[in-house]
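Reader: I would like a close look at one part of this model, taken slowly and with its surroundings. Please choose a helix and follow it outward into whatever it packs on.

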Amino acid sequence: MVFFSDVHRGDNSLADEFAHNQTIFAYALEYYNKLGYHYLELGDGDELWEYKKFSLIRSAHSDIFYLLKKFYDDSRFTYFYGNHNMMFRNPNKVKELHQFYDDYQDIETSLFPGIKIYESMVLKDEKSQKEVLLVHGHQGDTTNDKLWFVSSILVRYFWRNMHVIGLKNPASPSKNRVKRHKIEKRYTKWIQNHGVGILCGHTHRPKLPDAGTPPYMNTGCCIHPRGITGIELINREFYLVNWYIKGDDFGQLIITRKIVKGPLKFEDL
Ligand SMILES: [Mn+2]
């Protein structure tokens, strides 16, 4: 399995914070698809606060959706919603994911027919009986959970324009360290109260814990200035990975994958 979250796919304009990483993300998806991974996207995959219509995002990143469709058609794609794509709680809105208009062929064609949108899921290891809650993570953050509608309007009409001129929202947990720590503390408390680990996104801060500490894992995001981060689960072991562009010995740019931390065994959670 591979987990990414907070891809924030947008319209490929200057306001699209994912645009500069799309080549890296597409290459990573190709890698995971070839190796038969199941891709779980833990929320905020599509940036519906800034762009109301999913069709705009679909056509701006058609190469990415072409790859995602390969996973989906092979039952290896699971879509969770986060605060930025919470609109997909509405079954009518989900229909926008079922098909799209193919400009080249001039026809409506299927994308993710019958897709199910999840808020959360529990991943249970049969051998150790340990459990991990898969969820986006805004549930531990009031402004982004209960007040999501107000925040979404602010983002659509104010912050989107600010992004174009290079300014970021300082109150967003992804940009604010104090807020991020507060949310991380809440996750840890929840883990201790429930005896279940958490694997989420939302804060944009990647995290793989040490064995014996509270099992709080975070994928990080795909809009970082230098590459994307995610979590792989291979043979009951978790790895935190980073994909980025670097120069090789000949000065040619290559996309590369680095294990930042791990392995962390399921039984050590
Ligand atoms: Mn979020």
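Author: What follows starts from one helix, moves to the sheet beneath it and a second helix, and then turns to the other sheet and the core.

The model is a predicted one, and the part examined here is α1, which covers residues 22-34. At 1.5 Å a residue, the 13 residues of this helix should span 18 Å, and the C-alpha atoms at its ends are indeed 18 Å apart, so the expected and modelled lengths agree. The buried residues of α1 are Ile24, Phe25, Ala28, Leu29 and Tyr32. Viewed down the helix axis, these buried residues fall within an arc of 135°, and they therefore line one face of α1. The partners against which they pack are β1 (2-4), β2, α3 (62-73), β11 (228-234), β12 (237-247) and β13 (253-265). Just beyond the end of α1, Gly36 adopts a positive phi of about 75°.

Several of those partners belong to an open sheet of seven strands, which has mixed pairing and runs in the order β6-β3-β2-β1-β11-β12-β13. Its edges are β6 (117-118) and β13, each of which has a single partner strand, so that one side of each is left without a neighbour in the sheet. α1 packs on this sheet, where it touches β1, β2, β11, β12 and β13, and its direction makes about 135° with that of β12. Within the sheet, β2 and β3 (residues 77-80) run parallel and are joined by four bridges; Leu40, for instance, has Thr78 as its bridge partner in β3.

The loop that leads from β2 (39-42) to α2 (54-60) contains Gly45. This glycine counts as buried because 27 other C-beta atoms lie within 10 Å, where 20 or more are required. Apart from neighbours within four places in sequence, Gly45 is in contact with Val7, Arg9, Tyr79 and Asn85. Its C-alpha atom is separated by 12 Å from that of Glu17, a residue 28 places away along the chain.

The other helix among the partners of α1 is α3, and it can be read in the same manner. Its 12 residues should span 16 Å at 1.5 Å a residue, and its end C-alpha atoms are 16 Å apart, which agrees. Phe65, Leu67, Leu68, Phe71 and Tyr72 are the buried residues of α3. They cover an arc of only 160° around the axis, which puts them on the same side of α3, while the face turned away from that buried side carries the exposed residues Tyr66 and Asp73. The buried residues of α3 pack against α1, β2, α2 and β3, and just after this helix Ser75 takes a positive phi of about 55°.

A second open sheet consists of four strands in the order β7-β8-β9-β10, again with mixed pairing. Here β7 (120-124) and β10 (216-218) stand at the edges with a single partner strand each, so one side of each has no neighbour in the sheet. From one strand to the next, the twist averages 20°. β7 runs antiparallel to β8 (residues 131-135), to which five bridges join it, and one of the pairings places Leu123 opposite its bridge partner Val132 in β8. The hairpin made by these two strands has six residues between them, and in it Gln129 takes a positive phi near 65°. Lys127 is also found in the loop between β7 and β8; with 8 other C-beta atoms within 10 Å, it is exposed, since 12 or fewer is the limit for that class. Although Lys127 and Glu267 are 140 residues apart along the chain, their C-alpha atoms are separated by 8.2 Å.

It remains to place the nonpolar core. In soluble globular proteins, nonpolar side chains tend to be buried together. The largest nonpolar core of this model has 59 residues, and those with the most contacts inside it are Leu134, Ile198, Leu199, Cys222 and Ile231. Leu199, when residues up to four places away in sequence are not counted, touches Phe3, Val132, Leu134, Met217 and Ile231. One of these contacts, Val132, is the residue in β8 already described as the bridge partner of Leu123.

Terms used. Residues numbered from 1 in each chain as written. Predicted model: local features only at pLDDT ≥ 70, side-chain atom pairs only at ≥ 80, totals over all residues. Core = buried A, V, L, I, M, F, W, Y, C linked by C-beta atoms within 7 Å. Contact = placed C-beta atoms within 7 Å. Pairing = 2+ DSSP bridges. Axes fitted to C-alpha atoms, helices over the stretch in contact; angles between N-to-C directions. Expected span 1.5 Å × (residues − 1). Arc of directions from axis to C-beta.
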